[in-house]
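Hi,

Here is the model I said I would pass on. Have a look at it first, and then read on for what turned up.

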Amino acid sequence: MGLFDRMGTVVKAKMNKLVNRMEDPRETLDYSYEKQLEMLQNVKRGVADVTTSKKRLQLQRSKLQKSIDKLDSQAKDAIKADREDLARMALERKAALNTQVEDLDIQIAQLEKEQEKLVAAEKRLSTKVEMFRTRKETIKARYSSAEAQVKINESVSGIGEEMADVGMAIDRAENKTEEMQARASAIDELLESGTLDDLTSSGDDIDRELSKMHAQTGVDAELAKLKEEVKK
Amino acid sequence: MIIRIAEEGQYEVPGSLLDELNIIDNRIVDLVAKEKEEEYTTELSKLIGMIRSNGKKLDDSELKESDIIVPPDDLTLKEAREIFTGDGLIED
């Protein structure tokens with residue numbers, strides 16, 4: 001089975017859970033409308049959650065930046081005082097924090113994208129819900145006709161699919177924000193405790209060694225540059 | 001034929017496109033099985049790009065069911081695998 005088919009099955013299954021077909025189709029319409037309003041609330045909440053997470057990360061980023069600036073001036077002071085060991089320590093910490101900032105930037109951009117997506121989904125769904133509401137009243141007024149039956153089924157299925165899609169988008173956004181929040185908490189703890197070893201625990205030993213080496217080269221270069229500056 | 005790109009919206013596309021889309025779909029299935037992430041990402045964006053460029057976006061006020069639903073453009077290989085193994089995109 002292809003990806004389309006699987007995807008279709010997944011959405012249809014989700015849809016059937018959202019669309020409860022009643023014996024009286026008019027009840028189906030009303031029930032569906034209630035569910036739509038609920039889903040609209042959910043997507044609004046989803047947008048708010050993503051926004052909050054993004055703000056938190058942005059706040060963290062500015063905290064990290066402050067620490068970086070401080071370490072920078074500490075390194076300079078250390079060189080002036082002829083304490084290369086201290087300067088090196090400060091620059092090493094700075095390198096670790098810089099990695100975190102880069103990482104945060106990526107995450108902030110991702111959340112930004114999620115936010116835009118959910119805002120668009122909200123707009124789409126609310127247009128459809130409004131459409132459905134108008135159509136619902138028309139169909140109910142002419143309920144006895146067979147044509148109305150067909151229309152009910154079409155409308156309920158059409159909007160059910162949209163709701164299933166929006167529902168999945170919300171769930172995915174939530175999963176992402178949860179992951180990011182967990183990592184954000186870890187950074188908060190590290191910032192508070194001041195221990196900055198092994199901040200990025202992702203990757204295997206070789207990755208870690210390589211990135212340590214890479215950071216080391218950067219630190220050496222920066223140390224040399226600082227010394228030059230101070231000499232002037 | 002109506003195709004929904006998940007998390008994006010619905011497109012009206014000519015039915016003649018289906019064969020081409022199916023070829024890519026089969027390739028994607030294969031790449032997911034072989035865990036070839038980079039190629040998988042390329043094929044998925046090719047698939048979605050093809051729908052976007054050949055289709056006409058349905059107005060938001062339309063209440064139609066789609067004939068085909070394709071995954072969102074940022075579906076990871078891991079998520080694709082979950083869709084295939086039956087749990088769906090996200091568990092209930």
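Let's start with the interface. Chain A and chain B bury about 3,300 Å² between them, with 56% of that on carbon and sulfur atoms. Before you go further, keep in mind that this is a predicted model. On the chain A side, Leu3(A), Phe4(A) and Arg172(A) supply 26% of the area that chain A buries against chain B, which is more than any other three residues give. As for who takes part, the contact draws 37 residues from chain A and 37 residues from chain B.

There is plenty of polar pairing to look at here too. The rule finds ten salt bridges across the interface of chain A and chain B. One of them joins Glu7(B) to Lys117(A), with the closest N and O atoms 2.7 Å apart. Between the two chains, 17 residue pairs are in polar contact, counting pairs with both residues at pLDDT 80 or more.

Which elements of chain A give two or more residues to the side that touches chain B? They are helix H1 (3–18), helix H3 (84–141) and helix H4 (146–193) of chain A. H4(A) brings the largest share of that side, 14 residues. Sorted by class, the side of chain A that touches chain B has twelve nonpolar, seven polar and 18 charged residues.

Staying with chain A, one salt bridge is worth pulling up in your viewer. The side chains of Lys14(A) and Asp171(A) meet in a salt bridge at 3.8 Å, N to O. Lys14(A) sits in helix H1 of chain A and Asp171(A) in helix H4 of chain A, so this pair ties together parts that are 157 residues apart in sequence. Over all chains, the structure holds 36 salt bridges.

There is also a record to compare with. An unreviewed UniProt entry annotates residues 54–131 of chain A as "coiled-coil region". In the model, that span of chain A is 96% helix and 0% strand, and its end C-alpha atoms lie 33 Å apart.

Now for chain B and its sheet. Four strands of chain B form an open sheet in the order E3-E2-E1-E4, and the pairing is mixed. Strand E3 (56–57) and strand E4 (68–70) of chain B stand at the edges with a single partner strand each, so one side of each is left without a neighbour in the sheet.

Moving inward, strand E1 (residues 2–5) and strand E2 (residues 9–12) of chain B run antiparallel and are joined by four bridges. If you want to trace the register, Ile2(B) has Glu12(B) as its bridge partner in E2(B), and Ile5(B) has Gly9(B). E1(B) and E2(B) form a hairpin with three residues between them, and Glu7(B) in the turn has a positive phi of about 65°. That turn residue is also the one that forms the salt bridge with Lys117(A). On the other side of the pairing, E2(B) and E3(B) run antiparallel, joined by two bridges. Here Tyr11(B) has Lys57(B) in E3(B) as its bridge partner.

Over to you!

Definitions and conventions: Residues numbered from 1 in each chain as written. Chains lettered and ligands numbered in written order. Predicted model: local features only at pLDDT ≥ 70, side-chain atom pairs only at ≥ 80, totals over all residues. Heavy atoms only, no water. Contact = heavy atoms within 4.5 Å. Buried area = accessible area lost by both parts, 1.4 Å probe. Salt bridge = Lys/Arg side-chain N within 4 Å of Asp/Glu carboxyl O. Polar contact = N/O pair within 3.5 Å; in protein donor to acceptor, adjacent residues only side chain to side chain. Nonpolar A, V, L, I, M, F, W, Y, C, P; charged D, E, K, R; others polar. UniProt positions renumbered as here; feature names shortened; annotations may be inferred. Pairing = 2+ DSSP bridges.
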